[in-house]
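I open these notes for a reader who has not met this structure before. The entries record what I looked up and in what order.

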Amino acid sequence: MKIAIAREAIEVGERRVALVPATIQRLVQADWHFLVEAKAGEGSYISDQEYSDAGAAVVADRAELWGHADVILKVAPPSRAEVEQMRPGTALISFLNPLGDPELIQTLAARQITAFSMELIPRTSRAQSMDALSSQAGIAGYKAVLLGAAALPKFFPMLTTAAGTIRPAKVFVMGAGVAGLQAIATARRLGAIVEAFDIRPAVKEEVQSLGAKFVDIDLGEDTVAEGGYAKEVSEAARAKTQAVLSDRIAQADVVITTAQVPGKRAPILVTTAMVEGMQPGSVIVDLAANQGGNCEVTEPGKDINYHGITIIGPTNLPSSMPVHASQLYAKNVATLLQYLIKDNALNLDFEDDIVDATCVTHGGEIRNERVKSALNIEAQV
Ligand code: NAD
């Protein structure tokens, strides 16, 4: 089995790498050969020599590497040009943004690639160590707070000094999933007073156990979809939250928004009017910038100043912490690889929930019904 690790496009902002030397060292065995594209680790400060020392072969020529690989491992979704470079029949494991870019999945199917989408790993305890959405969201939540603290013209902690007492900063976290919970924990460690809101009432206890206050709003409808994810809320429920959220946002020094609904545009939680109601100098960090943003004013990929409020719209925070992001992603990918490969071949048991959910293309077909419906391809009955 030849397993290739691709060099990501650092020039377009992806610094992570799919496998790190320590993981390769644990995986190398008689039948598994690792081929690493030269400089694949550069963005994560890993040299080609470290990959060689771990037992991988470093290959300078991508055409040679991808031409020989049985499995290609990546972090960012491949470009269309990269798909063209893949040999039909190759397996690909990567983030693929299947619901955001279903045409890519169509291209992979047409190229006869057996593609596994890291976004589609089920959120079950059995698949927990493969869950790259969680490992990377935790990084984003942590870094969002650091960005917010750095942009805030105030301290986070309470300080008692000879020159007077400084009040602690107030942080409001909207969306208490994996990223939001890590943001709460990080803001608490920096000494801020933290409040959080989520439409899933189940997270209340988790929020409180991290030392934050949960902003409780009874929406009067079911907000939890399959797999524990949030549903899109109705207009009536949204209107119900507006007054309370406006008030909490106006009181906050830093607002961190993380709310997402899989496959949909991120819900708008912070309207332009709410931004205008904040104190000048306050900061919003919008972790949903990639999905259209939770704040109406957010510009994805930019830091802007609107009426004295700083609005940060990062699109790939895990890549800004590539050493640990790659280490954790590598563990997720390695666990999936070990799960998929049996007797030196891919074991495509579609009766298995992890394989079934994650494998989006095989044998020229798109296997995911939501991707098909996004492409207007008739779903199988
Ligand atoms: P996500 O990134 O899809 O969304 C982030 C948060 O935004 C979620 O908590 C969601 O409820 C919230 N949200 C959505 N719409 C909102 C709105 N209008 N207002 C406020 N908040 C809103 O979520 P995620 O962090 O990927 O996690 C989703 C779920 O998966 C959670 O229930 C989590 O507990 C579960 N999960 C399970 C496992 C596991 O069992 N292995 C692992 C990770 C996550």
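The entries below deal with the domains, the ligand and the empty spaces in turn.

**Entry 1. Domains**

I began with the model as a whole, which is predicted. I looked up how the protein chain is divided, and I found domain 1 (2-130 + 322-374) and domain 2 (140-315). Domain 1 is thus written as two stretches of the chain, 2-130 and 322-374. I then looked up the C-alpha centres of the two domains, and they lie 33 Å apart.

**Entry 2. Place of the ligand**

I asked where the ligand lies with respect to domain 1 and domain 2. It lies between them, because both domains give residues to the shell around the ligand.

I next looked up the shell itself and noted 22 residues surrounding the ligand. The closest of them are Ser134, Val178, Asp198, Arg200 and Gly228. By residue class, the shell divides into 10 nonpolar, eight polar and four charged residues.

**Entry 3. Polar contacts of the ligand**

I looked for polar atoms of the protein that face atoms of the ligand, and I recorded three cases. For arginine 200, which I had already listed among the closest residues, an N or O atom of the side chain is 2.5 Å from an oxygen atom of the ligand. For arginine 123, a polar side-chain atom lies 3.0 Å from an oxygen atom of the ligand. For threonine 124, the atom concerned belongs to the backbone, and this polar atom is 3.4 Å from a nitrogen atom of the ligand.

I also looked up how much of the ligand is covered. On its own, the ligand has 840 Å² of accessible area, and the protein covers 84% of this.

**Entry 4. The cavity**

I asked how many cavities of 30 Å³ or more a search of the whole structure finds. The search finds one. The largest cavity has a volume of about 30 Å³. Its lining consists of Arg238, Thr241, Gln242, Leu245, Ile268 and Leu269. I sorted these lining residues by class and noted three nonpolar, two polar and one charged.

**Entry 5. The second largest pocket**

I turned last to the second largest pocket, for which I noted a volume of about 320 Å³. Of the 18 residues that line this pocket, Lys154, Arg167, Pro168, Ala169 and Asp253 are the closest to its centre. The lining divides into 10 nonpolar, four polar and four charged residues.

Notes. Residues numbered from 1 in each chain as written. Predicted model: local features only at pLDDT ≥ 70, side-chain atom pairs only at ≥ 80, totals over all residues. Heavy atoms only, no water. Near = heavy atom within 4 Å. Polar contact = N/O pair within 3.5 Å; in protein donor to acceptor, adjacent residues only side chain to side chain. Areas by Shrake-Rupley, 256 points an atom, 1.4 Å probe, with all protein chains shown as cover. Nonpolar A, V, L, I, M, F, W, Y, C, P; charged D, E, K, R; others polar. Domains from an automatic or database assignment. 1 Å grid on protein atoms, 1.4 Å probe; cavity = no way out; pocket = protein on both sides within 12 Å on 5 of 7 lines; lining within 4 Å. Points joined across faces, edges and corners; volume = space filled by probe spheres on them.
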